[in-house]
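Visitor: Please take one part of this model and look at it closely, beginning with how the strands are matched to one another and then moving on to the aromatic pairs.

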Amino acid sequence: NIAIVGGSKSAYDIGQMQPHKTTLIMRTPHYWMPRWPLLLPFFDRIAYGLFSGYKVDKSDRSLLTRVLDEVFMPLVAVGINRPDSNSLLDDIMNGGGLHVCTTSKQYRNAKLWTLEKSQPKEYTANGLILENGKELEADVVVWGTGFQPTRAFQQIFDGIELQDTLDDGLYLYKYISQPKLPNVYFLGFKDPSLNMPLNASIQSLWAMFCGAGIAQLPTLNDMEEVISRRQHNTRRMFPFSHRRAYYDFFLAGESSCDYSYTEDLLRDCKGIFDKRVASAWCHPTNIWSSGPAFGAIFGAEIIADDDSRNAAASDSTSLV
């Protein structure tokens, strides 16, 4: 018997090993979705339309957003893995996560889990006692609770006051740069995303071009002002979660998608990718067109072939 504590992606992955012998223990379950919705044509447009329609107050959301969010998405989710709210958006924005089965087998396995909406209280000789009083027999106990990397930043950067509190995440310029930490770049701190590998890769290119002097950052004061304004608006308009600083991109409304975000980063790269960037109809987050568009994004050889670029650009290209 296997007891897995937590609702992180690691917990769900490990639960695939012996699903019929696995008990998931978590205070708040999250949605576990099949893969087939991702295969629908223009799924990315539907998803971004859903995300951009998010409002903290449900009554402010459009009828279409509410139907997609509260009817369609919960309908296709695995039955036991549901938060108390039937809103996918509320679950994501309040610190939850949307887990997607990459195969139909994973989807079937997820239905075999036993779910306990509680948390461990103490170990016993044979397993665990939960807060709800139930005793579980377990040969193996796996802790898959995830972690909050932001809490470690203050220890890593000892002596630097990054912001007033890190409880809701670290607010960054374009979700990458912190003015008090020059030449330090944070990759992958923009979520949720339909294509995190793409986002992180473009973020790394942006950071590389900043280091090479190709992409120019604003002054430290200007960056701090942008971050301060965003932090104020986010804390005023967004529900609290330990990842709020990374999720507030959806406050941008119509432009709140991976496409507009990565396009903005590429524009900072002095037009190097102007002829290579994906179009609105051929974008890496759309599974039907991801192949050619993804290859088009990474046209780093343009820099190497352009003799007019300085030595710093050539050096940075070697990093790719």
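**The three-stranded sheet and the aromatic pairs**

Guide: Glu122 has Ile129 in E7 as its bridge partner, and Pro120 stands opposite Leu130 of that strand. This is a predicted model, in which local features need pLDDT of at least 70 and side-chain atom pairs count only at pLDDT 80 or more, while totals for chains, interfaces and linings use all residues. Residues are numbered from 1 along each chain as its sequence is written, and side-chain values use heavy atoms, with hydrogens and water left out.

Three bridges join E6 to strand E7 (residues 127–130), and the two run antiparallel; strands, like helices, are DSSP runs numbered from the N terminus, with at least two residues for a strand (E) and at least four for a helix (H or I), and two strands pair if DSSP finds at least two bridges between them. E6 and E7 form a hairpin, with three residues between them. They belong to an open sheet of three strands in the order E6-E7-E8, with antiparallel pairing. Strand E6 (120–123) and strand E8 (135–137) stand at the edges, each with a single partner strand, so one side of each is left without a neighbour in the sheet. On average, neighbouring strands of this sheet are turned by 30 degrees against each other, direction ignored, where the axes are lines fitted to C-alpha atoms, for helices over the stretch in contact, and angles run from 0 to 180 degrees between N-to-C directions.

Turning to the aromatic rings, the count comes to seven aromatic pairs, given that rings of Phe, Tyr and Trp (its six-membered ring) pair if their centres lie within 6.5 Å, with planes under 30 degrees apart called stacked, over 60 edge-to-face and the rest tilted. One of them is the edge-to-face pair of Tyr54 and Phe238, at 5.6 Å centre to centre and with 70 degrees between the planes. Tyr54 lies in the loop between H2 and helix H3 (63–76), and Phe238 in the loop between helix H8 (220–237) and helix H9 (244–247), so the pair ties together parts that are 184 residues apart in sequence. Both Tyr54 and Phe238 are buried, that is, under 20% relative accessible area with a 1.4 Å probe and protein chains only, where exposed is over 50% and partly exposed lies in between.

Phe157 and Phe186 also form an edge-to-face pair, at 6.4 Å centre to centre and with 65 degrees between the planes. Both Phe157 and Phe186 are buried, and together with Phe189 and Tyr246 they form one aromatic cluster.
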